[in-house]
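The exercises below concern ring pairs, charges over rings, cysteines and nonpolar cores. Work through each task before reading its solution.

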Amino acid sequence: MQLYHTKSGALLAYNSKFYLVDESWDRLINRDGLEGYLLNRIQTGQCMAADKQAQWLLSDALYAPIGTQEVWAAGVTYLKSRDARMEESHDSGAASLYDRVYDAERPELFFKATAARVSGHNQQVYIRKDSAWDVPEPELTLFINCHGNIQGYTCGNDMSSRSIEGENALYLPQAKIYEKSAGLGPCLYVTSEAISPETGIHMLIKRGGVKAYKDSTKVSQIKRSFTELVEYLFREMDFPNGCFLMTGTCLVPSSDFTLQEGDVVEISIDGIGTLINTIGINPKHK
């Protein structure tokens with residue numbers, strides 16, 4: 001089932017029907033056994049039918065599927081990601097850092113965004129004005145509740161400045177964290193089962209309406225398990241309303257590609273949907 005965060009509240013899509021769930025977003029998604037809870041509400045008539053409102057809510061009133069949660073990210077979880085990070089850092093002498101962390105017991109985890117810096121479906125994400133090499137990173141993103149249990153999945157766009165990070169590994173926060181540096185959506189895919197390793201992740205970048213980049217991969221290509229990443233994230237931190245964790249990517253455009261203002265990025269994950277973001281530049285810094 002798909003759970004959408006809208007101006008009218010939580011909109012649940014199940015068996016080709018839509019329902020409004022009268023409960024705050026944070027409280028709702030932070031529940032244990034979320035899928036069973038939602039099914040029970042449908043079966044006991046505790047949800048309002050919303051088929052007539054659904055089209056408007058999904059096109060004109062859709063938020064990113066986040067409330068007050070933080071967004072975190074994992075890096076170097078795919079072999080191609082390791083290679084790309086080594087390439088961008090070659091001149092700085094930091095390439096071996098990424099080689100070592102790929103094989104290390106402890107994963108790379110870093111803070112990505114507050115909810116206020118997250119864009120939803122059909123909204124802009126930004127590239128930095130002081131960056132010369134910018135890429136989107138399509139990532140299967142976990143929603144983990146306050147108890148450390150994975151309750152759902154969404155599409156994530158981890159915007160990155162490869163030129164800033166490549167200059168010095170200590171610049172990672174500046175390369176990753178800025179206004180509208182993350183996209184999430186279009187929904188939270190709620191399931192009690194682990195997502196299939198055969199799930200496809202796809203990215204299409206259009207420039208002037210023409211394909212500039214296209215590639216796909218499968219979840220099975222990830223090196224680390226999701227439970228391993230979650231365990232490390234929750235070791236010494238509490239998340240009262242849960243959190244989102246981007247799990248890394250191996251869809252990396254070549255070094256001769258950089259995003260431009262007006263480009264359109266489409267990230268699709270089987271069973272979840274498609275997150276579309278247009279590339280912009282923060283008007284305060286143009």
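**Exercise 1. Charges over rings**

Find which ring R235 lies over, and at what distance from the ring centre.

Solution. R235 lies over the face of Y232, 3.9 Å from the ring centre. A charge sits over a ring if NZ of Lys or CZ of Arg is within 6 Å of the ring centre and within 35 degrees of the ring normal. A further case is R31, whose charged end sits over the ring of Y37 at 4.0 Å from its centre.

The model is predicted: local features need pLDDT of at least 70, side-chain atom pairs count only at pLDDT 80 or more, and totals for chains, interfaces and linings use all residues. Residues are numbered from 1 along each chain as its sequence is written, and side-chain values use heavy atoms, with hydrogens and water left out.

**Exercise 2. Aromatic pairs**

Classify the ring pair of W72 and F111, and locate both residues.

Solution. Step one is the criterion: rings of Phe, Tyr and Trp (its six-membered ring) pair if their centres lie within 6.5 Å, and planes under 30 degrees apart count as stacked, over 60 as edge-to-face and the rest as tilted. The structure holds 3 aromatic pairs. In one of them, the ring centres of W72 and F111 are 5.6 Å apart and the planes are at 80°, so the pair is edge-to-face. This pair links distant parts of the chain, with W72 in strand β5 (residues 70–75) and F111 in strand β6 (residues 108–113), 39 residues apart. Helices (H or I, at least four residues) and strands (E, at least two) are DSSP runs, numbered from the N terminus.

Step two is burial: buried means under 20% relative accessible area, exposed over 50%, partly exposed in between (1.4 Å probe, protein chains only). W72 counts as buried at 15%, whereas F111 is partly exposed at 24%. Another pair, F234 and F239, is tilted, with 5.0 Å centre to centre and 55° between the planes. Both F234 and F239 are buried.

**Exercise 3. The surroundings of E266**

Is E266 buried or exposed, and which side chain does its own side chain meet in a polar contact?

Solution. E266 is found in strand β17 (residues 264–269). Its relative accessible area is 19%, so E266 is buried. The E266 side chain makes a polar contact with that of K206 at 3.4 Å. Such a contact is a pair of N or O atoms within 3.5 Å; within protein, one must be able to donate a hydrogen and the other to accept it, and residues adjacent in sequence count only if both atoms are side-chain atoms. Beyond its neighbours within four places in sequence, E266 has contacts (heavy atoms within 4.5 Å) that include H202, M203 and T274.

**Exercise 4. Cysteines**

How many disulfides does the structure hold?

Solution. There are 0 disulfides, a disulfide being a pair of cysteine sulfur atoms within 2.5 Å. For C155, the nearest cysteine sulfur is that of C187, 7.2 Å away. C155 is buried, with a relative accessible area of 0%. For C250, the nearest is that of C155, at 15 Å.

**Exercise 5. Nonpolar cores**

Which residues of the largest nonpolar core touch the most other members?

Solution. A nonpolar core is a set of buried Ala, Val, Leu, Ile, Met, Phe, Trp, Tyr and Cys residues joined through side-chain atoms within 4.5 Å. Among the 48 residues of the largest one, L140, I144, L233 and L259 touch the most other members. Helix α8 (residues 226–233) gives the most to this core, with 4 residues. A second, separate core has 28 residues, including A10 and I42.
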